[in-house]
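Visitor: I have a model open and want to learn how to read its strands and helices. Where do we begin?

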Amino acid sequence: MAKKNNPLIEDNYQEELLDLTQIQAEAKRCLNCKAPRCSLMCPMQCEPHRFIALLNSGNIEEAAKFVYEKNLLSYICGHICPSEKYCEKNCLRGRIDRVIKVREIHRYLASLNRRDEEEFQPLNNKHALIIGGGPVGLVMAHKLAKRGLKSTILEKSSYLGGALRQQIPAFRLPSSVIDHDLNPLLNERIEIKLKMTFGKDVTCDDVKDKYDAIIFTTGLDKPRTYDFMLDHPKVILAQDFLKMCRHEREITTYDKIVVIGGSDTAMDCLTSAKKIAREVIGVYRREKERLRANKESLEMGFKAADDFIFNRTPIRFDEAGNMVFKNYYGEEEETIPASLYVLAIGVLIDDSYLKDFFEIEDGVIKNKKISNVFYAGDMSSSDKTLVSALSTVEDVVDKVLNYLNLD
Amino acid sequence: MIKKDLSIEFLGVKFKNPFMLSSSPVGNCYDMCAKAFRSGWGGIVYKTLIKDPCDECSPRYDMLTKEATPFVGFKNMEQLTEHPLEDDLRDITRLKKEFPDCVLVASIMAGSDEDWKILAKQVEDAGADMIELNFSCPQMTDTHLGSAIGQNPDLCRQYCKAVKSATKLPVIAKMTPNITDMCEVALASMEGGADAISAINTIKSILNVDLDKEVGLPIVNGKSSISGYSGKAVKPVALRFIQQLRDNPKTRNIPISGIGGIETWRDAAEFILLGASTLQVTTAIMQYGYRIIDDLCNGLMHYMEEKGVDHLSDLVGRANKNVIPAEELDRDFKIYPKIDDDKCVGCGRCYISCYDGSHQAMEWDKKTRRPTCNTDKCVGCLLCSLVCPVGAISKGEVVFKPGRGKGRKTKDVII
């Protein structure tokens with residue numbers, strides 16, 4: 001297999017932002033609704049109708065501060081939030097012509113990088129352990145710091161940002177954008193420990209009495225897979241594939257890549273795969289209508305895929321090392337040859353290290369085994385999106401403070 | 001493409017269509033006027049001639065905006081011609097020679113009988129078809145000129161007389177709106193011999209104030225001046241003055257050239273219905289160019305077709321009789337709004353405006369996001385229909401107020 005310079009490495013992307021004139025023109029399309037649906041639909045309560053109104057009144061500075069007051073990861077959300085299912089879903093302007101590009105406006109305001117001076121309460125001698133250095137862990141640590149707590153963050157990789165920096169292609173979310181929002185969260189009350197894998201480098205016994213609160217923000221980090229695929233040289237997990245695409249300076253090129261799955265992640269895999277393979281095929285086990293990815297991802301994925309095959313579920317490898325699929329609704333089999341199979345069929349809670357802390361049933365956390373343990377983010381949110389994960393933080397902060405009698 | 005005869009006679013001169021450039025930056029030299037004529041404009045009022053060319057400032061314009069709309073109103077600080085008199089006279093001669101079928105009006109301004117007479121004679125000799133007397137520029141550096149004349153009936157009368165004594169050409173007196181009663185100065189001008197009135201010139205204004213520098217816009221080396229306001233926003237003021245000229249028995253029959261915020265054929269038709277027989281345009285040209293003439297003509301032709309008239313003059317003044325004093329309006333009834341639920345997008349703007357700006361008559365269903373009108377509270381102001389962004393609210397049921405409209409039928413009420 002040939003290696004070449006990775007075309008997916010992020011210095012190949014230049015971000016395209018609308019300018020102020022375009023943003024203002026867009027904002028001025030707002031109907032100024034009563035009980036605005038954009039704001040009702042946002043899991044983070046970003047209140048788009050307010051920042052649009054501020055922008056329309058010419059108060060750009062205040063509008064820019066407002067987005068960060070509501071959402072500490074505004075610039076990131078301005079890039080990757082599936083706004084079509086939230087603020088832009090029921091925008092009434094869409095009934096006249098097209099919905100307001102709320103996310104573009106949000107992104108622009110966040111790009112101005114205005115934040116109000118933050119108030120930090122005096123230290124209170126409490127120390128939290130946060131497992132997971134992703135967006136939820138960092139926002140959690142920041143919010144706790146403001147309330148007077150110190151935190152230690154354990155992160156298993158060598159950088160902060162979690163899924164943002166591993167599973168989202170650089171062309172959708174450049175590192176500069178991630179840094180723009182994550183760096184300001186850090187301060188002297190937050191200690192970062194990188195390359196620490198919980199369950200291996202650190203165990204339950206090491207920490208359960210050492211910290212006042214233990215908060216898991218590890219998300220869903222166990223990829224689903226099929227037993228017959230385990231350790232097969234032609235199979236790679238979507239998470240590993242995307243990490244490789246984002247970070248390796250030199251990358252192997254392939255003749256043909258098959259991506260199995262129908263999620264946003266699968267679509268990102270397709271888009272990335274097209275840059276390093278001659279031919280790219282998407283395979284989904286059900287009908288096209290059941291695809292779970294959001295519209296924007298689907299458009300990119302379909303554009304990248306040379307073909308998309310539906311109603312096919314993988315069952316085994318044949319002698320030649322090609323994967324055999326079965327019709328989801330029937331018995332006929334079909335071999336879809338490829339040089340690499342990317343598996344993107346979902347992620348689960350990793351109960352291997354969580355089971356010491358929680359009772360878990362069918363991948364869902366039911367009860368705590370230790371009183372000072374908490375969890376936030378994708379582990380508890382119903383909608384596996386960044387805003388949805390972030391929307392769980394405030395509630396957990398309250399629970400922690402309440403538990404520590406600090407409110 | 002529709003073809004209708006848009007020609008109209010004004011002061012014995014035939015215009016192929018009623019649209020003219022007003023005396024302003026848009027008709028400043030031969031090249032501009034030639035292009036305007038070639039584009040199809042019926043006439044031009046050449047930028048005002050004066051003995052000594054004017055000294056202009058920079059910048060000299062500003063605009064009023066609302067939401068996403070630029071040029072709601074426009075402010076300009078330019079005065080009169082910037083050329084030596086002989087250059088302008090030469091251009092007028094050349095234009096008239098090359099475009100004999102187009103009407104060229106020379107606008108002039110002076111500060112003494114003698115100067116008015118000399119200019120009038122000069123433009124007549126140059127070949128102008130008629131003369132417009134600029135009694136109305138509101139931003140002259142010489143405070144005895146421009147709108148200072150137009151605010152003084154005696155000066156208007158005197159200067160008209162002087163001009164008429166020096167020329168055989170028809171004379172139009174251009175009025176300033178910076179006055180309470182235009183009839184008085186118009187009448188004085190008529191007494192002096194003016195054959196027609198053009199109205200309105202621009203309104204004295206301060207459009208915007210720069211909040212950093214604490215000075216009005218446009219900023220000329222840190223300062224600004226009061227100057228003329230024009231564009232769409234002034235149309236209502238212009239229409240009102242024209243109606244009042246038409247209402248006054250003494251000025252009722254004077255020919256009027258309408259000016260003030262004409263952008264589209266609809267604006268033009270409104271001026272015509274209220275009594276203007278030619279129309280002058282500047283601000284819309286400054287924003288969009290001479291090319292708007294095609295749409296102005298085409299739209300007006302369609303309107304004539306719709307109205308079943310073959311001569312534009314048949315439309316002039318048709319709306320005047322329908323403007324009556326407030327005390328004579330029929331106040332016996334009210335009209336409830338009719339809400340089209342299919343068109344409604346559920347934004348709730350009608351609810352907010354009715355509550356905060358009228359009589360709390362609109363009710364709002366949180367679940368369905370649909371408004372309904374509580375007729376017990378509704379006064380029939382129809383503010384709701386104006387704020388609706390999708391035109392889902394129209395005039396609905398007509399009802400007589402309690403104890404009123406005896407013996408009348410609601411269907412006879414014209415809505």
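Visitor: Which residue stands opposite A:Tyr341 in β15(A)?

Guide: A:Val258 does. Keep in mind that this is a predicted model. A:Val258 belongs to strand β9 (residues 254–260) of chain A, which pairs with β15(A) in the parallel sense over four bridges.

Visitor: What other strand is joined to β15(A), and by how many bridges?

Guide: Strand β7 (residues 235–237) of chain A, by three bridges. These two strands run parallel. Here A:Ile236 stands opposite A:Val342.

Visitor: Are the faces of strand β15 of chain A covered or open?

Guide: General idea first. In a regular strand the side chains alternate between the two faces of the sheet. Now the case: β15 spans residues 340–343 of chain A, and both of its faces are covered. A:Leu340 and A:Val342 are buried on one side. A:Tyr341 and A:Leu343 are buried on the other.

Visitor: Now a helix. Why do the buried residues of α7(B) line one face?

Guide: An α-helix has 3.6 residues a turn, so residues three or four places apart point the same way. In α7(B), the buried residues include B:Ala238, B:Ile242 and B:Leu245. Seen down the helix axis, the buried residues of α7(B) fall within an arc of 160 degrees, so they line one face.

Visitor: What do the buried residues of α7(B) pack against?

Guide: Several elements of chain B, among them α6 (182–191), α8 (265–273) and β16 (276–281).

Visitor: How far does helix α7 of chain B reach?

Guide: Its 13 residues, 235–247, reach 18 Å from first C-alpha to last. That is close to the 18 Å expected at 1.5 Å a residue.

How values were computed. Residues numbered from 1 in each chain as written. Chains lettered and ligands numbered in written order. Predicted model: local features only at pLDDT ≥ 70, side-chain atom pairs only at ≥ 80, totals over all residues. Buried ≥ 20, exposed ≤ 12 C-beta atoms within 10 Å, placed from the backbone. Pairing = 2+ DSSP bridges. Expected span 1.5 Å × (residues − 1). Arc of directions from axis to C-beta. Contact = placed C-beta atoms within 7 Å.
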